[in-house]
Amino acid sequence: ESVNTFLLPHERKTWESILQSPANQGFIAYRKNILFTEYPAITADEWFGQASERINALTNSRALLLSMVADEAEKLRTQAWYALLIEIIIMLIIAIIVMAITVILSKQINSQIQGLLAAMKTSMQNNDLTIEINVESTDEIGQVSQSLKELYQVFSTSFNKLDTASIQLAAAMEESATTAGMNANHIENQQ
């Protein structure tokens with residue numbers, strides 16, 4: 001009975017058929033005859049024959065159970081192998097996706113940095129702070145680009161004011177020189 005708890009339904013049927021076999025039933029009958037009758041009428045040859053049949057039946061049932069266990073173990077091993085193979089394939093796909101995303105993001109970041117460096121280099125070579133810096137994103141690189149753009153605008157405005165002030169100063173100095181020259185001529189004429 002304890003064996004039935006470990007067997008699958010189709011295995012239980014096989015086990016039950018072994019228990020119901022003529023050899024097993026004959027042995028059970030001889031056993032009852034020996035155990036429950038006062039004077040059993042069994043010869044040594046009959047007892048040896050029945051015991052041998054019972055041992056053969058048990059050996060066959062043992063071999064059958066071992067075969068069933070081996071088959072189940074092989075099925076489980078095969079299932080585990082396929083599960084492992086599927087997990088490996090999934091992990092490889094995930095690794096490829098992660099690498100692709102990494103390459104795409106690094107190219108995007110590199111492109112933004114290269115654009116920012118090119119704008120700064122052009123500005124320095126041309127001494128021109130009015131160069132437009134393209135802000136393509138809102139991430140850290142985009143924030144740096146936006147800050148640099150604002151810094152260029154502040155410097156450009158300051159340099160424009162300084163340029164205007166120096167032009168005005170030069171004009172005022174020229175006017176002062178002209179006025180001083182006219183005053184000097186006027187004083188000379190008066191003497």
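Helix axes here are lines fitted to C-alpha atoms over the stretch in contact, with angles running from 0 to 180 degrees between N-to-C directions. I note that first, since the entries below lean on it. I also note that this is a predicted model.

**Entry 1: α2 against α3**

I started with helix α2 (residues 22-36) and helix α3 (residues 44-126). Their axes come within 9 Å and cross at roughly 135°. An angle like that makes α2 oblique to α3. I then looked up the handedness, and α2 passes α3 in a left-handed crossing. On the α2 side I found the contact made by Ala23, Asn24, Gly26, Phe27, Ile28, Tyr30 and Ile34, and on the α3 side by Glu46, Trp47, Gln50, Ala51, Glu53 and Arg54. Sorting this contact by class gave me 7 nonpolar, 3 polar and 3 charged residues.

**Entry 2: α1 against α3**

Next I turned to helix α1 (residues 9-19), which packs with α3 at an angle of about 170°, the axes being 10 Å apart. Angles over 145 degrees count as roughly antiparallel, and α1 and α3 are therefore roughly antiparallel to each other. From α1, I listed Glu11, Thr14, Trp15 and Ile18 as making the contact; from α3, the list is Ala57, Ser61, Leu64, Leu65, Met68 and Glu72. The class count for α1 with α3 is 6 nonpolar, 2 polar and 2 charged residues.

**Entry 3: α3 against α4**

My third pair was α3 with helix α4 (residues 140-190). The two pack at an angle of about 15°, and their axes are 10 Å apart. Under 35 degrees counts as roughly parallel, and α3 is thus roughly parallel to α4. I logged a left-handed crossing for α3 passing α4. Which residues meet here? In α3 they are Ile109, Gln112, Ile113, Leu116, Met120 and Ser123, and in α4 they are Ile141, Val144, Ser145, Leu148 and Tyr152. I was curious about the classes: this contact has 8 nonpolar and 3 polar residues, with no charged ones.

**Entry 4: two residues looked up singly**

Ser156 sits in helix α4. Is Ser156 buried or exposed? Its relative accessibility is 12%, so I put Ser156 down as buried. Setting aside neighbours within four places in sequence, I found Ser156 in contact with Leu129 and Thr130.

Val69 belongs to helix α3. With 55% relative accessibility, Val69 counts as exposed. I also checked Val69 against Asn33: they are 36 residues apart along the chain, and their C-alpha atoms are separated by 35 Å.

**Entry 5: the whole chain**

Stepping back, I counted 4 helices and 0 strands in the protein chain. Along the sequence the pattern reads α-α-α-α.

Then came the overall dimensions. The C-alpha trace spans about 175 × 25 × 20 Å along its principal axes. What is the radius of gyration of the protein chain? I have it at 52 Å, where a compact globule of 191 residues would have one near 16 Å.

Burial was my next lookup: buried residues make up 16% of the 191 residues in the chain, and Ser156 counts as buried.

Last, I checked the sequence separation of contacts. Taking contacts between residues at least 6 apart in sequence, 49% join residues at least 24 apart.

Definitions and conventions:
Residues numbered from 1 in each chain as written. Predicted model: local features only at pLDDT ≥ 70, side-chain atom pairs only at ≥ 80, totals over all residues. Heavy atoms only, no water. Parallel < 35°, antiparallel > 145°, perpendicular 65-115°, else oblique. Left-handed = near helix turned anticlockwise from the far one by under 90°. Contact = heavy atoms within 4.5 Å. Nonpolar A, V, L, I, M, F, W, Y, C, P; charged D, E, K, R; others polar. Buried < 20%, exposed > 50% of the residue type's maximum accessible area, 1.4 Å probe, protein only. Rg over C-alpha atoms; globule rule 2.2 N^0.38 Å.
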